[in-house]
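Biologist: I am new to reading models like this one. Could you show me the structure and then explain the words people use for it?

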Amino acid sequence: MGESRGYHEIIEALDKLEAKDSSLPAPLQLYRKILSIQAEADKRINVRQPELSQGLIDESVRQGRPLLRFGDLDLDWGLVGELVDKATSIFSSYTTPPGELPGNLKHLTPAMLEEAARAWYEDRELSSSLAGAEDMAELAIFTALKPFLSRYAESLINLVKQEYWRRGYCPVCGGSPDFSYLDKERGARWLLCSRCDAQWLFQRLECPNCGNQDQAELSYFTDDKGLYRLNVCEKCRCYLKAIDLRVAEGEVFLPLERFLTMDLDRQAIEKGYTTCSQAGKLKRMQGHEEVPRRAGG
Ligand SMILES: [Zn+2]
Ligand SMILES: [Zn+2]
């Protein structure tokens, strides 16, 4: 797959879609607005890569430890703050009534911002100072950190020996997958990180959320063309969307596919399933599953 960061390519694809259908559904319009502030920020990002030798990377991979702890991230807090402000102002135009921004989000101090970003990254509850605004705060922090995380993922993922990872969470940042694909070459299954867009190889018949390998409890729904799949696990009731690149025509942007397949989310939720990324995060928040971290975080 090509680089996943292609903000401008995705914005262009959305523009084309809008021209073709002479309108764009509201969630896709929102996504395009977010992409444009991230693209703008991306030009100003210059991350210092953590000092990780290939030996240390191999060891982390073998032990199932994601490569980046929060402390390893070289974040430009001025830019993060700007992005959070822009994101909340975009999101608030989609709330009812529009323009309503929770007070504690309007007065986010640098210390609060840093604490909230760390909590989000480490899958902990946000501080009580953000009570009532958690969802929007998490979305805004995700929006702001995404361009940084994507940069790290791009440079680090090629250093990960895929055959030795094959876990249900991201080798770069520890996030859960929210999309997947079967590759063109062999139909191998790859997962896409919901946070940094890193891609990693995974078992065809295993639930990334609970590790269930019982074929009787794993199945998928597909469309007529067999292009998209909804993989579900009956054991933990989570779902993961997939695209089969052996069937896909034209250029495919995986981050965009997440949004183009929102109808699959609707169908899955109607059937009573939860998305794998949400299920994974909840599990880690409740401490049922500890993603091993490098010591000294
Ligand atoms: Zn990740
Ligand atoms: Zn499962």
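Modeller: Gladly; we will take the terms in turn, keeping in mind that this is a predicted model.

Biologist: Let's begin with a metal. What makes Cys170, Cys173, Cys193 and Cys196 the protein donors of the zinc ion (ligand 1)?

Modeller: A sulfur atom counts as a donor when it is within 2.8 Å of the metal. The SG atoms of Cys170, Cys173, Cys193 and Cys196 lie 2.3 to 2.4 Å from the zinc ion (ligand 1), so they meet that cut-off.

Biologist: And why is the arrangement around the zinc ion (ligand 1) called tetrahedral?

Modeller: Four donors earn that name if all angles lie between 85 and 135 degrees. Around the zinc ion (ligand 1) the donor atoms subtend angles of 99 to 119°, so the arrangement is tetrahedral. For orientation, the ideal angle for four tetrahedral donors is 109.5 degrees.

Biologist: How are the donor residues of the zinc ion (ligand 1) spaced in sequence?

Modeller: Their pattern is C-x2-C-x19-C-x2-C. Cysteine 173 sits in the loop between H7 and strand E1 (177–182), while cysteine 193 belongs to strand E2 (residues 189–193), so this pair ties together parts 20 residues apart in sequence.

Biologist: How do you know whether cysteine 173 and cysteine 193 are buried or exposed?

Modeller: Buried means under 20% relative accessible area. Cysteine 173 has 0%, so it is buried. Cysteine 193 also counts as buried, because its value is 0%.

Biologist: What about the zinc ion (ligand 2): which residues coordinate it?

Modeller: Cys207, Cys210, Cys233 and Cys236 do, each through SG, at 2.3 to 2.4 Å. The spacing of these donor residues is C-x2-C-x22-C-x2-C. The angles here run from 104 to 113°, so this site is tetrahedral by its angles.

Biologist: Why do cysteine 233 and cysteine 236 get their accessibility labels?

Modeller: Cysteine 233 has 1% relative accessibility, so it counts as buried. Cysteine 236 has 26%, so it counts as partly exposed. The partly exposed class runs between the 20% and 50% limits.

Biologist: With those cysteines in mind, how many disulfides does the structure hold?

Modeller: Zero.

Biologist: Now to charged residues. What makes lysine 281 and aspartate 123 a salt bridge?

Modeller: The rule asks for a side-chain nitrogen of Lys or Arg within 4 Å of a carboxyl oxygen of Asp or Glu. The closest N and O atoms of lysine 281 and aspartate 123 are 3.1 Å apart, so the pair qualifies. These two residues link distant parts of the chain, 158 residues apart: lysine 281 is in helix H10 (residues 276–285), and aspartate 123 is in the loop between helix H6 (110–121) and helix H7 (134–156).

Biologist: Why can side chains like that pair at all?

Modeller: Because side chains of opposite charge can pair when their charged atoms come close.

Biologist: Which other side chain meets aspartate 123 in a salt bridge?

Modeller: Arginine 284 does, at 2.6 Å from N to O. That pair, too, links distant parts of the chain, being 161 residues apart.

Biologist: Are lysine 281 and aspartate 123 buried or exposed, and how do you know?

Modeller: Lysine 281 counts as buried, because its relative accessibility is 13%. Aspartate 123, at 4%, is therefore buried as well. Arginine 284 is also buried.

Biologist: Where in the chain are glutamate 270 and arginine 266, which meet in a salt bridge at 2.8 Å?

Modeller: Both are in helix H9 (residues 262–270), and because they are four residues apart, about one helical turn separates them. Glutamate 270 has 60% relative accessibility, so it counts as exposed. Arginine 266 has 41%, so it is partly exposed.

Biologist: How many salt bridges does the rule give?

Modeller: The count comes to 23.

Biologist: One last word: what is notable about the phi of arginine 166?

Modeller: Most residues other than glycine have a negative phi. Arginine 166 has a positive one, near 50°. This residue is in the loop between H7 and E1, and at 28% relative accessibility it counts as partly exposed. Arginine 237 has a positive phi too, about 60°, and lies in the loop between strand E5 (228–233) and strand E6 (238–244). With a relative accessible area of 32%, arginine 237 is partly exposed.

How values were computed. Residues numbered from 1 in each chain as written. Chains lettered and ligands numbered in written order. Predicted model: local features only at pLDDT ≥ 70, side-chain atom pairs only at ≥ 80, totals over all residues. Heavy atoms only, no water. Donors = N, O, S within 2.8 Å, 3.2 Å for Na, K, Ca; no water. Tetrahedral: all angles 85-135°; square planar, octahedral: opposite > 155°, others 65-115°. Buried < 20%, exposed > 50% of the residue type's maximum accessible area, 1.4 Å probe, protein only. Disulfide = S-S within 2.5 Å.
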